[in-house]
Amino acid sequence: MTRALFLVCLLALAPSAQAQFNLRDLNINKLIDTAKNVGKATREIDEKDEIAIGHDVAARLVGAAALVNDAHTQSYVNSVGRWLALQSERPGLPWRFGVLEAPQVNAFAVPGGTIFITRGLLEKMRSEAELGGVLAHEIVHVVKKHHLKAIQKGAMAQLSADAAGAALSNVNSEARSKLVSFGTEIYSRGLDKSDELEADRLGVVIAARAGYDAYGLPSVLQTLQAMNASDSALALMFKTHPTPAERLAMLSERMQPTLDAYSGQPQLRERFIQQVKVAR
Ligand SMILES: [Zn+2]
């Protein structure tokens with residue numbers, strides 16, 4: 001490759017680094033370093049860094065809302081979640097599931113295997129299959145690294161390429177703290193719609209593999225659809241997800257055979273009511 005072509009490729013790879021270079025006094029060593037860092041920022045983030053980033057993001061999120069003060073409910077939701085996660089493609093992650101003391105209706109996943117559901121959403125559920133459907137949707141976000149990839153993409157757009165590379169691999173850097181703030185913001189902006197619909201489709205499969213009635217998630221979506229859309233408890237969920245109607249239509253179009261084949265599996269209504277001590 002000629003040097004000119006190499007530079008064109010390099011600059012195309014590193015749009016945010018481009019502005020830093022004056023083409024008349026190129027420092028070739030600096031360019032080589034930057035090329036290495038671009039590689040670092042665009043490569044797959046390894047599992048150790050994924051878990052560390054998720055740990056920082058989870059700490060910020062829990063700082064904004066406490067966990068429900070009921071060890072029994074927490075332990076039940078955690079065991080349902082872990083059972084589901086064992087059926088996923090990444091059973092070995094340090095999975096943990098918690099209920100947040102928040103009246104809003106929502107659930108979200110943090111890179112590395114931490115998943116939260118709000119008390120507001122738990123109160124709307126009627127069976128373990130419904131809880132399983134929602135947790136399985138969140139498990140897919142972790143398995144497919146939806147948030148991690150959004151954080152990485154955002155870091156590439158906002159930080160220079162070398163800073164993004166450093167932030168993704170250095171726990172204590174200032175850039176890392178910016179990255180975690182960016183990661184926290186994703187939860188108020190939402191993922192791409194295609195990621196949400198993928199989480200619905202594959203979530204239904206994980207719930208069915210775990211032995212639940214595959215209609216758990218559709219059933220929760222129907223509950224949400226029946227609620228008043230202007231209810232402030234739904235605002236964030238509706239802002240960050242496609243509408244329940246759109247999600248139900250996609251599931252019906254793409255997943256009907258799976259839903260029907262596994263619709264006879266247990267819903268576990270009684271066990272859910274007994275185990276979850278929330279206002280209803
Ligand atoms: Zn989602």
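**Notes on the predicted model: cores, zinc site, salt bridges**

1. Start with the packing. The largest nonpolar core has 51 residues, and the members that touch the most others are L84, I117 and L131. Helix α7 (residues 128-143) is its top contributor, giving nine residues. Apart from this core there is another one of 23 residues, including V110, F116, A164 and L179. Keep in mind that this is a predicted model.

2. I117 is worth clicking on. Leaving out residues up to four places away in sequence, I117 touches V77, G98, V99, L100, N106, A107, L122, M125, L131 and V134.

3. Next, helix α5 (residues 71-86). With 16 residues at 1.5 Å each, α5 should span 22 Å, and its end C-alpha atoms are indeed 22 Å apart. At the N-terminal end, D70 acts as the cap, with a side-chain oxygen 3.1 Å from the backbone nitrogen of H72. The buried residues of α5 are T73, Q74, Y76, V77, N78, V80, G81, L84 and A85. Among the elements covering them are β1 (96-100), β3 (114-118), α6 (119-122), α7, α11 (193-209) and α15 (269-275).

4. Now the metal. Which protein atoms are the donors of the zinc ion? They are NE2 of H137, NE2 of H141 and an OE of E196, at 2.0 to 2.1 Å from the ion. In sequence, the spacing of these donor residues reads H-x3-H-x54-E. H137 and H141 are four residues apart in helix α7, so about one helical turn separates them. An α-helix has 3.6 residues a turn, so residues three or four places apart point the same way. H137 is buried at 2% relative accessible area, and H141 is buried too, at 2%.

5. On to charges: the structure holds 11 salt bridges. E47, E50 and R90 are linked in a network of them. R90 pairs with E50 at 2.7 Å between the closest N and O atoms. Since R90 sits in the loop between α5 and β1 and E50 in helix α4, this pair ties together parts 40 residues apart in sequence. R90 also pairs with E47, at 3.4 Å; E47 is in helix α4 (residues 47-64), 43 residues from R90. Buried or exposed? R90 counts as buried at 13% relative accessibility, E50 is buried at 0%, and E47 is partly exposed at 41%.

6. One more salt bridge to look at: R247 and D200 meet at 2.8 Å, N to O. This pair links helix α14 (residues 244-261), which holds R247, to helix α11, which holds D200, across 47 residues. R247 and D200 are both buried.

Conventions
Residues numbered from 1 in each chain as written. Predicted model: local features only at pLDDT ≥ 70, side-chain atom pairs only at ≥ 80, totals over all residues. Heavy atoms only, no water. Core = buried A, V, L, I, M, F, W, Y, C linked by side-chain atoms within 4.5 Å. Buried < 20%, exposed > 50% of the residue type's maximum accessible area, 1.4 Å probe, protein only. Helix = DSSP H or I, 4+ residues; strand = E, 2+ residues; numbered from the N terminus. Contact = heavy atoms within 4.5 Å. Donors = N, O, S within 2.8 Å, 3.2 Å for Na, K, Ca; no water. Expected span 1.5 Å × (residues − 1). Polar contact = N/O pair within 3.5 Å; in protein donor to acceptor, adjacent residues only side chain to side chain. Salt bridge = Lys/Arg side-chain N within 4 Å of Asp/Glu carboxyl O.
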